[in-house]
Amino acid sequence: MHRPHPEYRDDFAYEPDAARTHRLPLVVALSALGALILVPVVVDRVAAARVESGTAEAFQEGMGTPTRPEVHVRGFPVLTQVASGTLRQVDISAHDIPADGATRPLPVTQLDLRLDDLRKSDDGSEARAHSAEATARLSYTDVSNALGLEVSQGDRPGRISARIAMPFGDGITVTVKVSAVSGNRIAFEDFRVTSGVLPDAGQALLDKVFEQPVQLRNIPDGLRLRSVTTTADGLTARFSGTSVTFRPDPDDAAQG
């Protein structure tokens, strides 16, 4: 049987003390370098968290949401963005935005915002984005409450179904076209009866219900409603705009 020479050493299992001693400064240097790289990242992340928290608090106070929205500041490093006074991109996701003061209030179930080049005013009274895009989701429950009718998804894209209870029979069902009109309003028009018989009194009632568009309140200034589509859960409204401005609630500002 072949035996290895007594002086043979496996290179992977044996390393002279001198070699290990020479490698130690290299290991220390690499560790120090890693720490130097990590520290700015941690500091920047802390700065980002503070900006996100402050933005969420201001948004909640200004929009009157029951919970704070989710806020994410995009881009690295954030510290340089803060120093320049402009955040390149901020994403906000808020829930249950009320529509207080509206004749037919239609709350926003969820609002997702993308703000580009967000800058705060010198006196801190407002924040303005150079441009922004937003998507608002409106539940059929809230749409039903706003219209005073039981509303659900229609039989075709862009249409909703509304049910009118009658003293006798199964009631009447109509489908209605939804569309975006000026002033951040949603129009309900071109209703068609799909089941039941609509009496003259019912015709007059529906004309009155659908005559006036429903305005979406508590939308940041500068955002314009571009389109409205229907889904299984509700309506989806899409906005875009420039010089989009956020201001704190006047009552909160007065108390401050």
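Visitor: Which residue in S3 does His 95 stand opposite?

Guide: Welcome! Keep in mind that this is a predicted model. Strand S2 covers residues 86-97 and strand S3 covers residues 108-120, and the two pair in the antiparallel sense over 10 bridges. Across from His 95, in S3, stands Gln 110.

Visitor: How many helices and strands does the protein chain have, and how are the strands of the open sheet ordered?

Guide: The secondary structure of the protein chain comes to five helices and 11 strands. Six strands form an open sheet, with antiparallel pairing. Reading across that sheet, the order is S1-S2-S3-S4-S11-S10.

Visitor: Which are the edge strands, and what is the average twist from one strand to the next?

Guide: An edge strand here pairs on one side only, and that describes strand S1 (70-74) and strand S10 (224-230). From one strand to the next, the twist averages 15°.

Visitor: How many bridges join S4 to S11, and which residue in S11 stands opposite Ser 139?

Guide: S4 and S11 run antiparallel, and 12 bridges join them. Looking at Ser 139, you will find its opposite residue in S11 to be Gly 234.

Visitor: What do S10 and S11 form, and which residue is the bridge partner of Thr 229?

Guide: With three residues between them, S10 and S11 form a hairpin. They run antiparallel and are joined by six bridges. In S11, the bridge partner of Thr 229 is Thr 236.

Visitor: Which strands does helix H3 lie across, and at what angle to S4 does it run?

Guide: Helix H3 takes in residues 140-147. It lies across S3, S4, S10 and strand S11 (234-246). Its direction relative to S4 is about 85°.

Visitor: How many residues are in the largest nonpolar core, and which strand gives the most to it?

Guide: Nonpolar side chains tend to be buried together in soluble globular proteins. In this chain, buried residues make up 38% of the 256 residues. The largest nonpolar core has 55 residues, and those with the most contacts inside it are Ile 186, Phe 188 and Phe 210. The strand that gives the most to this core, with six residues, is S4 (residues 127-139).

Visitor: Which residues is Phe 188 in contact with, leaving aside its neighbours within four places in sequence?

Guide: One partner is Lys 177. The others named are Val 143, Leu 147, Ile 160, Val 176, Val 178, Phe 210 and Val 214.

Visitor: Why is the pair of Phe 188 and Phe 210 tilted, and how many residues apart in sequence are the parts it ties together?

Guide: The count comes to three aromatic pairs. The ring centres of Phe 188 and Phe 210 are 6.5 Å apart and their planes are at 35°, so this pair is tilted. Both residues are buried. Because Phe 188 lies in strand S8 (residues 185-195) and Phe 210 in helix H4 (residues 200-211), the pair ties together parts whose separation in sequence is 22 residues.

Visitor: What is the angle between the planes of Phe 191 and Phe 210, and which residues do ring pairs link into a cluster?

Guide: Phe 191 and Phe 210 form a tilted aromatic pair, 5.8 Å centre to centre, with 40° between the planes. Phe 191 is in strand S8 and Phe 210 in helix H4, 19 residues apart, and the pair links these distant parts of the chain. Phe 191 is buried, as is Phe 210. The cluster linked by ring pairs is made of Phe 188, Phe 191 and Phe 210.

How values were computed:
Residues numbered from 1 in each chain as written. Predicted model: local features only at pLDDT ≥ 70, side-chain atom pairs only at ≥ 80, totals over all residues. Heavy atoms only, no water. Helix = DSSP H or I, 4+ residues; strand = E, 2+ residues; numbered from the N terminus. Buried < 20%, exposed > 50% of the residue type's maximum accessible area, 1.4 Å probe, protein only. Core = buried A, V, L, I, M, F, W, Y, C linked by side-chain atoms within 4.5 Å. Contact = heavy atoms within 4.5 Å. Pairing = 2+ DSSP bridges. Axes fitted to C-alpha atoms, helices over the stretch in contact; angles between N-to-C directions. Phe/Tyr/Trp six-rings, centres within 6.5 Å; stacked < 30°, edge-to-face > 60°.
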